[in-house]
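Subject: Handover of a structure and notes on its features

Dear colleague,

Please find below the structure I am passing on to you. My notes on what was found in it follow.

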Amino acid sequence: MNIVLITGGAGFISSYLVDALLKTGRYFVVAVDNFLTGKKEFISTHSNYVFIQCNVNNPLEIRSVMEKFHFDYIFHYAAVVGVSRTIENPKIVLDDIIGLQLIFELAKEMNVKRIFFSSSSEVYGEPVHLPQHEHDTPLNSRLPYAVVKNLGECFCRAYKKEYGLNYTIFRFFNTYGPRQSEDFVIAKFLRAALKGDDIAVYGDGNQSRTFCYIDDNIDFTMKVLEQSLFINDVVNVGDDKLVTIYELAKTVIKLTGSASGITNLPPLKEGDMSRRQPDNTKMKEALQKDLITLDDGISKLLATYLP
């Protein structure tokens with residue numbers, strides 16, 4: 001049985017990954033989290049699961065975990081997340097560099113087979129072309145969150161070159177679903193629509209995004225792990241169907257049957273890129289199925305809000 005460490009394991013995407021790993025019966029999973037954004041209710045009660053409250057940026061705490069278990073794989077998902085949170089708290093974001101150094105050094109010391117790093121579409125910054133390709137699109141964001149994610153990718157390549165530590169980099173594009181924090185856009189819009197409140201969009205709402213339902217994210221991650229795909233490579237994880245934020249608000253209103261209107265707030269001063277769309281060729285070829293549509297995904301999520 002493979003032993004897997006998931007940092008940030010009480011978070012949104014990571015807790016679904018825990019469930020998927022345990023469901024196979026082939027993995028013993030150790031999750032660590034400091035509950036900055038993770039939630040205790042996402043902790044599993046499975047017999048092949050251990051949760052440890054731990055700050056991966058604390059050398060004594062994370063070394064204690066690493067020395068207690070001989071991990072085959074590490075999913076390093078611990079990070080400060082959320083555009084507003086990361087812009088308002090840049091120092092906390094930069095503290096994650098400590099965790100990167102610790103995780104990679106310990107993984108090297110303990111002969112981990114492969115480390116999976118959760119990067120972000122934010123590393124692309126304001127795109128020079130669409131769709132954004134893993135190797136052809138320049139990485140030009142200067143926001144602290146994106147810089148730290150880019151640095152994490154550099155750790156992956158450096159430790160492979162120096163020590164032979166295998167890696168896979170996931171660049172996540174707007175994954176959504178149950179368990180996601182309500183300060184993210186789809187959850188925020190749904191909450192407003194269900195209350196009958198107006199949905200507020202920043203600027204004119206013409207910013208374009210793509211949205212990936214959590215099931216597709218996890219199905220792909222499991223294939224990458226179990227079929228040994230994209231070793232020492234970077235891969236976009238997301239849907240490629242573009243929608244403007246204004247169109248997203250209208251879709252939420254339609255699917256909820258809400259009487260909510262749409263209001264416009266002043267544009268964000270920073271962090272709200274005008275366009276974002278992945279080249280997800282690798283993901284689609286691996287999954288060999290259609291991704292869940294935005295309407296279907298929002299309907300699935302909506303079902304969890306209703307009694």
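I begin at the surface, where Y202, L265 and L268 make a nonpolar patch of about 210 Å². Please bear in mind that this is a predicted model. Of the patch residues, L268 sits in the loop that runs between β13 (262-265) and α9 (281-287). Its relative accessible area is 32%, so L268 is classed as partly exposed.

The main sheet comes next. Seven strands form an open sheet in the order β3-β2-β1-β4-β5-β6-β11, and the pairing is parallel. Its edge strands are β3 (49-53) and β11, each of which pairs on one side only. From one strand to the next, the twist averages 20°.

Within this sheet, strand β1 (residues 2-7) runs parallel to strand β4 (residues 73-76), and four bridges join the two. I6 has F75 as its bridge partner in β4. Helix α4 (residues 90-109) lies across β1, β4 and β5, and runs at about 170° to β4.

At the edge strand β11, the pairing with strand β6 (residues 166-172) is in the parallel sense and extends over five bridges. There, R171 stands opposite N236 of β11. Is β11 enclosed by the rest of the structure or not, given its place at the edge? Five of the five residues of β11 (residues 233-237) are buried, so the strand is largely enclosed by the rest of the structure. In a regular strand, side chains alternate between the two faces of the sheet. In β11, D233, V235 and V237 point one way, whereas V234 and N236 point the other way, and all are buried.

Some backbone features in loops may also be of interest to you.

- The peptide bond that joins L130 and P131 is cis, with omega at about -10°. P131 belongs to the loop between β5 (114-120) and α5 (144-163).
- F230, a residue other than glycine, has a positive phi, near 55°. F230 is located in the loop between α7 (214-226) and β11.
- Q288 is not a glycine either, yet has a positive phi of about 55°. The loop between α9 and α10 (294-305) holds Q288. With a relative accessibility of 65%, Q288 counts as exposed, since the cut-off for that class is over 50%.

Yours sincerely

Conventions. Residues numbered from 1 in each chain as written. Predicted model: local features only at pLDDT ≥ 70, side-chain atom pairs only at ≥ 80, totals over all residues. Heavy atoms only, no water. Patch = residues over 30% accessible without salt bridge, like charges linked within 9 Å, V, L, I, M, F, W, Y side chains within 5 Å. Areas by Shrake-Rupley, 256 points an atom, 1.4 Å probe, with all protein chains shown as cover. Salt bridge = Lys/Arg side-chain N within 4 Å of Asp/Glu carboxyl O. Buried < 20%, exposed > 50% of the residue type's maximum accessible area, 1.4 Å probe, protein only. Pairing = 2+ DSSP bridges. Axes fitted to C-alpha atoms, helices over the stretch in contact; angles between N-to-C directions. Contact = heavy atoms within 4.5 Å.
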